[in-house]
Amino acid sequence: MREPAAPTDEGSDSASDFEFDVVPDTDQSFENALAKARAGDRLTVDDGIELITTGTDAPGIDPIRKEQVLEAADRRRAEVVGDEVTFVANLNNNVTTACNTGCLFCNFKNTAHQFEADYDGEHAGFTKPPAESRAVVEDALDMGIYEVTSVSGLHPAFALNEEHREILATYDAPAKEVDYKPPTVYETDPGTYVEQMRAMSVGGVHLHSMTPEEAQHARRGTDWSYEEVYRELKAAGLASAPGTAAEILVEEVRDVICPGKIGTEEWVAAMEGAVAAGLDVTSTMMYGHVENAAHRIEHLKVIRDLQDRTGGITEFVPLSFVHENTPLYENGVVDGGASDAEDELVVAVARLFLDNVENIQSSWVKFGNAKALKLLNCGANDFMGTILSEEITTRAGGSFGEFRSFDDYVEMISAIGRTPVERSTDYRTVRRIDIDDRPHGPRLGPRADGTPMLDGQSPAGSDPAPADD
Ligand code: SF4
């Protein structure tokens, strides 16, 4: 049992500033919840809350109970996926930072009017036409990438295809009603989503793109279903969709941090549409801002239910909120992010609660090396990707997003006694890497031949990438 809205520990605790209806108050005991977790029983929301809060009535996390939860999760990880730690050779290519959605945790975007041809101020954003996106991916293919991830702002000129542009243009006040302005208004035309997919799905690369929020933008102002939209994107080269834009899938939290974004129901509908169209999807949770422990578990429940219905989720990615330079922090709504203990417990409880999702990611972009390695012993088994460029996280004040070489991966993973494994995006193709078998370059990408990728920095010409995956 736990006091309503009590802090989860000394780290992020702006949650107590809000009068939320969903609070971490249960009739379960920590001991019962832990016993169920150890036995491999399916956990209830109350079980999850007990585990993630370590069940204490007083504010703060009990360090002994925390270790018990981490140990149970680590054991479960070993049972489910063994000792392998996977990673993928990938590139992030974001098409545009133009966005009017105004999420309060985001410092990636620039308001779209700054991109208009007659705007005479300065801004640090960018828009890449399809040909530029293609060139970035082409270069990275030669370096051995398997996957390109692309997550972008919701540029008002973006539409699914030419037909969509025509529909949007029929509105009386398209800018107001459907956030649409024709490409001629802007200095750079982003093309359509279909054109961007065609451009980036070059040379056999796996294209991972179109979040639920982007899919909604690609159907705004129409009655098209998510499945139809994803089918068209798939025909243009899309291979899987990131389950980002999830943040916390509880409305009262979304109302505070991203009131302009789609709601939980819409997010779930988009993911179901993607799976119905034959795409794999990932899942995420961005935590450590205004939410409390109960919101985190309710979010995991949404993911678990979605997976029960679809079976299409390949991994769960916990994203610890990077607060610096975000409106939430600058306006004093939050005074920091999650603590180390909270991060560990989120990973561990995700492993225990999500009994139908095999892979749990530890994100070195969000956590830095030491902590990301620690999280591999708290239930995580995936160590994300090389990420030839990273922008959203670095612009938000994070300092870890750049590039991770295969050598680094192999050495770090071997140093904690685990087996480094190169993987495909969908985890269906894997290659165990022998530390003595040099060079440690990628081999699964369409042009990968084992040659090491660049060491320690982003290659010239390739542009930064998104934080949410
Ligand atoms: S999180 Fe995405 S939708 Fe929200 S403001 Fe940033 S770029 Fe726009």
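**Exercise 1.** Determine which residue of E10 stands opposite Glu 84, and which strands are joined to E1 by bridges.

Solution. In this predicted model, Glu 84 stands opposite Thr 419 in E10. Strand E1 covers residues 84-88, strands being DSSP runs (E, at least two residues) and helices likewise (H or I, at least four), numbered from the N terminus. Four bridges join E1 to the parallel strand E10, residues 419-423, where pairing requires that DSSP finds at least two bridges between two strands. Next, E1 is joined by two bridges to E9, residues 382-385, which also runs parallel to it, and there Thr 86 has Asp 382 as its bridge partner. Finally, four of the five residues of E1 are buried, that is, under 20% relative accessible area (1.4 Å probe, protein chains only).

**Exercise 2.** Explain why helix H7 is described as largely enclosed.

Solution. H7 spans residues 193-200, and because six of its eight residues are buried, the rest of the structure largely encloses it. Those residues are Tyr 193, Val 194, Gln 196, Met 197, Ala 199 and Met 200. They pack against several elements, including helices H4 (130-142) and H9 (226-235), contact meaning heavy atoms within 4.5 Å.

**Exercise 3.** Establish whether Thr 282 is buried or exposed.

Solution. Thr 282 belongs to strand E6, residues 280-287, and is buried, with a relative accessible area of 2%. A polar atom of its side chain lies 2.9 Å from the backbone nitrogen of Gly 243.

**Conventions.** Residues are numbered from 1 along each chain as its sequence is written. Local features need pLDDT of at least 70 and side-chain atom pairs pLDDT 80 or more, whereas totals for chains, interfaces and linings use all residues, and side-chain values use heavy atoms, leaving out hydrogens and water.

Terms used: Buried < 20%, exposed > 50% of the residue type's maximum accessible area, 1.4 Å probe, protein only. Polar contact = N/O pair within 3.5 Å; in protein donor to acceptor, adjacent residues only side chain to side chain.
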